Each structure stands twice: as structure tokens, then as C-alpha cells.
Amino acid sequence: TWTANTESDLAYYIVYRSANNNFTPVSTDSIARVNRPAATYSVTGLNAGTYYFKIAAVDSTGNKSPAFAQASATLKPMLLVSVSSLTMDSANVGSSSQKTFTVSNTGNAALTITSIARSGADSTQFAVSQTPFTINAGAVAQTVTVTFTPTSAGTKFATLTIFSNDSTKTVSLNGRGIGTSGIILSLSSLPFGNVRTTTSKT
């Protein structure tokens, strides 16, 4: 938004944008034409960075004023992860359990999750859902699903590292694998028939 030109022969404004501070606008910097009486302009879909804007007024005969009123905007994504650690439900060896967490963008530019890497001795027993993905500014959080599939009994540990165009975050994982019994019974019951008191039978 800028202070409107009050001259009666004003026709429109030209909006210029550059990545350079104190730039001198050229025709390729022009991004919009705003007709009178409007004195505001909005732009979306920009990548992270700092942008500089200037305005020029054009009258009804095509005369253009020098560019004026430089303004700037810095756009930056902000990565927010809902948890720093995640304890999975216990699972039998060979079976699985799942839990989720969310990744949000609290910044004003698009957040791109480039990858989610697993590390640790037990990392292969944990799997993570889709990457990469992008969360636009103001968009809803993205749900990430972690699947735990133990290959042996005991407590397992791993770390997720979330890489983005903002920062890097980690989530610690743990889960317990439950082993199956190694005892095998050949029959479910064993009849002995009638046995006198104080005697035995095998």
C-alpha cells in the first residue's frame, strides 16, 4: 500500500520488483499495473528471500514519474515439528505399529522438506512416509507416518533427521519388539484315567 497520487490526470501506477536494494527500475522489473484509484498491490507465490518494490505513476497522456517509495519484504519459511521424540507402540517381531507427527510452516514463504533421513543401529526397523513435500505459507500441516517393524525382541532406537530449506530438525524414535515363545507343546491335554489315592501313573 502507498499514498495515492492526487493529480486529476493520474491513470495508473507501475509496480516494480527487484532482488537488489536501491535499484533503478527498468522495464523488465515491472510486475504489475494498478489502475486508479487503487493504491495497493499484493503478490503471492514468491520463494524465500528479500524483495524490493518501487512505484511509478503514469498520467493519462503516458507521462511517467520517477520511481518512488521503495519498500521491502523478507520472506522466510519456518519449520515446526510437533514432537522431538516418538515412542512407538510395542509390536510382535514381524508385525508393525504406527504413529504420526506433523510438520508445519509458520513462516511467510514456501517450506520444502527435501528429505527425512533415518540413522542409528536399529534405523532399518523404522520406516517413514512420503518425502519430499512442500508446505506453502499458511497451509495446513503435513502428517508424517512412522512405521515400526521389529526384527527381534528388545527396545530399538533410531533418529529421524528432517532436512528443509529453512533448518534441520531431529526426532528420536524408540519402540519395543516382543519375541514369540520358543516352547512348542505336542498336545493340549494329557489324560491319565482313574488313579487310586496315594498311587501314581505316568
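## Two salt bridges

A salt bridge here is a side-chain nitrogen of Lys or Arg within 4 Å of a carboxyl oxygen of Asp or Glu. Keep that cut-off in mind, and keep in mind too that this is a predicted model. Searching the whole structure turns up two such contacts.

Let's start with Lys-76 and Asp-166. They form a salt bridge, and their closest N and O atoms sit 2.5 Å apart. Lys-76 is in the loop between strand S4 (68–75) and strand S5 (79–81), while Asp-166 is in the loop between S13 and S14, so the pair ties together parts that are 90 residues apart in sequence. Lys-76 is partly exposed, with a relative accessible area of 45%. Asp-166 counts as partly exposed too, at 24%.

Then there's Asp-89 with Lys-99, whose side chains meet in a salt bridge at 3.9 Å, N to O. This pair links distant parts of the chain, ten residues apart: Asp-89 belongs to the loop between S6 and S7, and Lys-99 to strand S8 (residues 97–105). How accessible is Asp-89? Its relative accessible area is 44%, which makes Asp-89 partly exposed. For Lys-99 the value is 28%, again partly exposed.

## The S13–S14 hairpin

Now have a look at the strands on either side of the loop that holds Asp-166. Strand S13 covers residues 154–164, and it pairs with S14 in the antiparallel sense over ten bridges. Together S13 and S14 make a hairpin, with three residues between them. One spot to pick out is Phe-163, which stands opposite Thr-168 in S14.

## Other partners of S14

S14, which spans residues 168–178, also pairs with strand S6 (residues 85–87). S6 and S14 run parallel and are joined by three bridges. To find this pairing on screen, look for Ser-85, which stands opposite Ser-172 in S14.

What about strand S7, at residues 91–92? Two bridges join S7 to S14, and these strands run parallel as well. Here Ala-91 has Gly-177 of S14 as its bridge partner. The loop between S6 and S7 is where you'll meet Asp-89 again, the residue that is paired with Lys-99.

If you follow the side chains along these strands, one rule of thumb helps: in a regular strand they alternate between the two faces of the sheet.

Technical notes: Residues numbered from 1 in each chain as written. Predicted model: local features only at pLDDT ≥ 70, side-chain atom pairs only at ≥ 80, totals over all residues. Heavy atoms only, no water. Pairing = 2+ DSSP bridges. Helix = DSSP H or I, 4+ residues; strand = E, 2+ residues; numbered from the N terminus. Buried < 20%, exposed > 50% of the residue type's maximum accessible area, 1.4 Å probe, protein only.
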